2 protein chains.
Amino acid sequence: MTRIKKFGGSSLATKERIKNVARQIVDTYKSGHSVVVVVSARGKTTNNLIEQAADINPNCAKRELDMLLVTGEQQSCALMAMAIHSLGCPAISLNAAQAGIISSGSFGNARIKTINTDRIKQELEKKNIVIITGFQGVTKNGEIATLGRGGSDTTAVAVAAALGVGTCEIYTDVEGIYTADPNIVPKAIKLKEISYDEMLELATLGAKVLHSRSVELAKKHNIKLWVGSGLTKKEGTLVKESTMEKMLVSGLAMDKDISKITVVGVKDVPGTAFKLFSSIAKKNIVVDLIIQAMGDGKKGLKDISFTVSKKDVKETIEALTQNNGAFEYEDISYTNDFAKLSIVGAGIVSNPGVASAMFEALYDVGVNIEVISTSEIKISVLIAQEKAEIASRSVHEKLMQLSLGNVYG
Amino acid sequence: MTRIKKFGGSSLATKERIKNVARQIVDTYKSGHSVVVVVSARGKTTNNLIEQAADINPNCAKRELDMLLVTGEQQSCALMAMAIHSLGCPAISLNAAQAGIISSGSFGNARIKTINTDRIKQELEKKNIVIITGFQGVTKNGEIATLGRGGSDTTAVAVAAALGVGTCEIYTDVEGIYTADPNIVPKAIKLKEISYDEMLELATLGAKVLHSRSVELAKKHNIKLWVGSGLTKKEGTLVKESTMEKMLVSGLAMDKDISKITVVGVKDVPGTAFKLFSSIAKKNIVVDLIIQAMGDGKKGLKDISFTVSKKDVKETIEALTQNNGAFEYEDISYTNDFAKLSIVGAGIVSNPGVASAMFEALYDVGVNIEVISTSEIKISVLIAQEKAEIASRSVHEKLMQLSLGNVYG
């Protein structure tokens with residue numbers, strides 16, 4: 001049987017950890033499995049490289065940043081192969097080009113288009129443990145592009161899909177998926193299972209354990225994701241199609257990496273929002289919560305606010321100002337003062353009490369709600385960032401009370 | 001006109017140096033030239049990576065070491081492109097695969113077979129400054145191989161040859177080629193010009209300014225090599241076909257990176273030396289000075305000693321022991337106690353006085369000569385490593401006296 005294992009940067013941060021991971025891989029190999037390993041860059045490598053780049057050019061080209069960043073995973077890969085060799089097992093490292101990982105050329109945010117598995121299969125037939133660079137692909141023209149932060153998860157799932165392997169093992173520095181970040185909400189509970197859709201919402205909403213695109217891809221190809229710690233032997237969390245235990249609320253996520261941009265004084269006529277957001281969409285920027293407010297009614301104007309990831313603020317504002325011809329506005333401003341708090345659960349749609357419990361919990365600790373956004377399985381609210389932690393704890397506590405005996409209902 | 005500039009690791013060690021180099025490149029570009037730049041890894045990067053590898057696996061596979069090491073140049077490349085962008089000029093980084101540098105698959109010691117210049121030319125036509133990773137190539141199968149230490153010089157010359165550019169500019173941390181290492185021989189003189197053959201001998205014999213294969217390649221394609229400092233504006237040295245000023249002795253080189261291996265008690269019959277050295281040659285290991293000595297004459301045995309680069313000792317001994325069947329021996333030993341001191345000059349062959357002056361200078365300071373090896377333009381001696389510096393100064397001094405008014409004769 002072929003096993004796909006992905007190891008994150010913290011599992012590879014030191015020589016000792018690399019050797020630990022190598023031993024674990026070799027154990028699996030020696031028990032008779034073919035093993036494909038996907039690795040991230042070691043420890044803080046990616047952040048260090050980003051700092052070096054920013055130091056030389058604060059507005060560095062995304063293509064060049066990708067050329068720089070991909071070296072981190074290639075280093076991990078080679079060192080892991082060496083560590084496995086030192087344990088007496090055959091292994092070979094493959095970078096994206098060698099592993100046949102063909103991606104789009106959208107630098108910094110590329111998508112895997114296809115994986116040509118010929119080389120991977122050849123190496124597995126030679127009984128090699130195959131170590132693949134995560135986070136990156138090559139275009140048909142040989143350009144190198146990264147898949148965005150956390151993209152190694154996506155690489156691992158894509159490799160599993162391409163090889164027809166049903167489960168992808170994601171080893172990380174936490175022991176699984178929790179109902180909330182245990183650092184903020186000490187009462188958070190580790191889940192045994194969670195559905196793709198719930199995990200997807202949690203990941204999209206700021207839970208950093210899994211890259212949301214990896215969950216999308218796993219759902220699409222019906223690949224189970226096992227998430228757990230590479231350092232402890234404890235049970236992890238399984239992400240899969242349908243969970244045995246339907247939960248009212250499966251988790252709470254908080255995202256501080258957002259900026260709220262406000263476009264003041266746009267014409268309140270049909271098509272304005274379309275033109276405004278299409279100018280942003282052209283830049284591949286994801287817009288999240290959107291609020292329209294009446295501006296100067298006499299002039300027929302309104303204000304449009306929305307949230308984007310902090311890193312996209314500059315480009316979003318550029319897109320808006322450069323598309324000046326398509327729509328008019330009076331001013332553009334932004335603030336980083338907000339956080340997005342979300343709860344996710346398959347039971348939310350059928351239990352209106354969940355939303356009111358959440359709002360009550362926020363009221364209890366004096367937190368004002370700026371925007372509310374809901375879907376079938378989630379409720380998100382925009383709140384003051386300084387209240388994010390207290391709000392998280394209050395909401396988690398309330399939902400636990402509400403659903404005692406009902407959490408696994 | 002197209003200019004080819006190669007920058008070594010010390011020119012790129014800090015952010016400030018990268019910016020300095022970028023400014024120099026931009027000056028050339030703005031004066032109307034197309035510019036192709038070849039870069040090494042920054043500062044101590046390559047050594048650090050080698051240490052990391054050795055720390056994880058002291059006998060790491062050459063393929064994996066190459067996968068690890070090539071990341072250093074790719075980082076330099078990307079950062080240099082960013083630095084040039086920040087000065088408002090267009091630039092693009094290309095790794096070996098992108099630049100079309102096709103090499104053999106001899107990991108750690110690959111040869112450039114051909115350069116497919118399509119991409120480089122496309123980028124130059126787009127008015128981009130092209131930054132290429134030195135030191136590396138890809139095989140037809142996409143395997144990544146390095147050209148051996150200092151291989152970035154070779155990359156630069158190969159790119160010049162492929163683009164039909166007549167001069168290759170090598171920027172380094174010294175101001176040119178000196179008659180000896182100025183750190184050891186304070187009276188060493190910087191040369192204005194030196195011929196390919198003399199430079200080749202000096203490089204092969206341990207002068208570390210230029211990679212010997214880069215000189216071979218430059219000679220083959222009649223490309224002039226300009227060698228000088230990237231940090232000062234002083235004149236450098238030109239390496240070219242025939243020099244205007246024929247020198248008696250153009251330089252002195254010292255090589256401490258040698259081990260002397262002795263194979264004791266091999267049969268003194270025809271074919272033994274052939275079998276012995278062919279077993280080493282199969283491993284692509286370069287054997288230098290060779291000494292045969294009579295061993296136990298009654299048994300018809302002799303001893304064969306030879307020098308190899310320190311890094312090759314282990315593999316050489318393996319090659320010898322594994323080929324046990326092909327020839328017999330009593331014992332194998334090695335020592336790192338020797339250094340090789342060489343003098344190089346087109347005038348040596350026609351001036352027998354040079355050799356005797358060298359030997360006299362060694363005698364003057366009490367240095368014993370273990371082996372002597374000569375060619376038309378060089379004399380090498382193996383001496384005790386602890387006497388290497390004093391021997392260098394004595395020989396340099398004597399040759400300067402001998403050829404006062406004759407150095408440029």
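This is a guided tour of a predicted model, moving from one whole chain to single residues and then to two helices.

Before selecting anything, note that residues are numbered from 1 along each chain as its sequence is written, and that chains are lettered from A, with ligands numbered from 1, in the order in which they are written. Because the model is predicted, local features need pLDDT of at least 70 and side-chain atom pairs count only at pLDDT 80 or more, while totals for chains, interfaces and linings use all residues, and side-chain values use heavy atoms, with hydrogens and water left out.

**Stop 1: chain A as a whole**

Select chain A and show it as a cartoon, in which you can look for twelve helices and 20 strands; here helices (H or I, at least four residues) and strands (E, at least two) are DSSP runs, numbered from the N terminus. The radius of gyration of chain A is 23 Å, close to the 22 Å that the globule rule gives for 409 residues, so the chain is as compact as a globular protein of that length; this radius is taken over C-alpha atoms, and the rule is 2.2 Å times the number of residues to the power 0.38. Along its principal axes, the C-alpha trace of chain A spans about 75 × 55 × 35 Å.

Of the 409 residues in chain A, 55% are buried, where buried means under 20% relative accessible area, exposed over 50%, and partly exposed in between (1.4 Å probe, protein chains only). Among the contacts in chain A with a separation of 6 or more, 74% come from residues 24 or more positions apart, a contact being heavy atoms within 4.5 Å.

**Stop 2: salt bridges**

Side chains of opposite charge can pair when their charged atoms come close. A salt bridge is counted here when a side-chain nitrogen of Lys or Arg is within 4 Å of a carboxyl oxygen of Asp or Glu, and by this rule there are 43 over all chains.

Select A:E169 and A:K5, whose closest N and O atoms are 3.2 Å apart in a salt bridge. A:E169 lies in strand β9 (residues 167-172) of chain A and A:K5 in strand β1 (residues 2-7), so the pair ties together parts that are 164 residues apart in sequence. A:E169 is buried, with a relative accessible area of 8%, and A:K5 also counts as buried, at 1%.

Next select B:E143 and A:R119, whose side chains meet in a salt bridge at 2.8 Å, N to O. This pair crosses between chains, from the loop between β7 (136-138) and β8 (144-146) of chain B, where B:E143 is found, to helix α5 (residues 118-125) of chain A, which holds A:R119. Both B:E143 and A:R119 are buried.

Then select together A:R63, A:E64, A:E143, B:R119, B:E123 and B:K126, which are linked in a network of salt bridges.

**Stop 3: a methionine in chain B**

Move to B:M67, which sits in helix α3 (residues 62-86) of chain B. Is B:M67 buried or exposed? With a relative accessible area of 1%, B:M67 is buried, and if you show its neighbours, leaving out residues up to four places away in sequence, you will find that B:M67 touches A:Q74, A:A78, A:S93, A:L94, A:N95, A:Q98 and B:I144.

**Stop 4: two helices of chain B**

Select residues 388-402 of chain B, which form helix α12, a run of 15 residues that reaches 21 Å from its first C-alpha to its last, close to the 21 Å expected at 1.5 Å a residue; that expected span is 1.5 Å times one less than the number of residues. Buried residues of α12(B) include B:A388, B:A391, B:V395 and B:L399, and the buried residues of this helix pack against β13 (251-255), β18 (338-344), α11 (353-364) and β20 (378-384) of chain B.

Now select helix α8 (residues 212-220) of chain B, in which B:S212, B:R213, B:S214, B:V215 and B:A218 are buried. What covers these buried residues includes α6 (151-163), α7 (196-204) and β11 (224-229) of chain B, and just after α8(B) you reach B:N222, which takes a positive phi of about 50°.

**Stop 5: back to chain A**

Finish at A:N222, in the loop between α8 (212-220) and β11 (224-229) of chain A, which has a positive phi of about 50° although it is not a glycine. At 49% relative accessibility, A:N222 counts as partly exposed.
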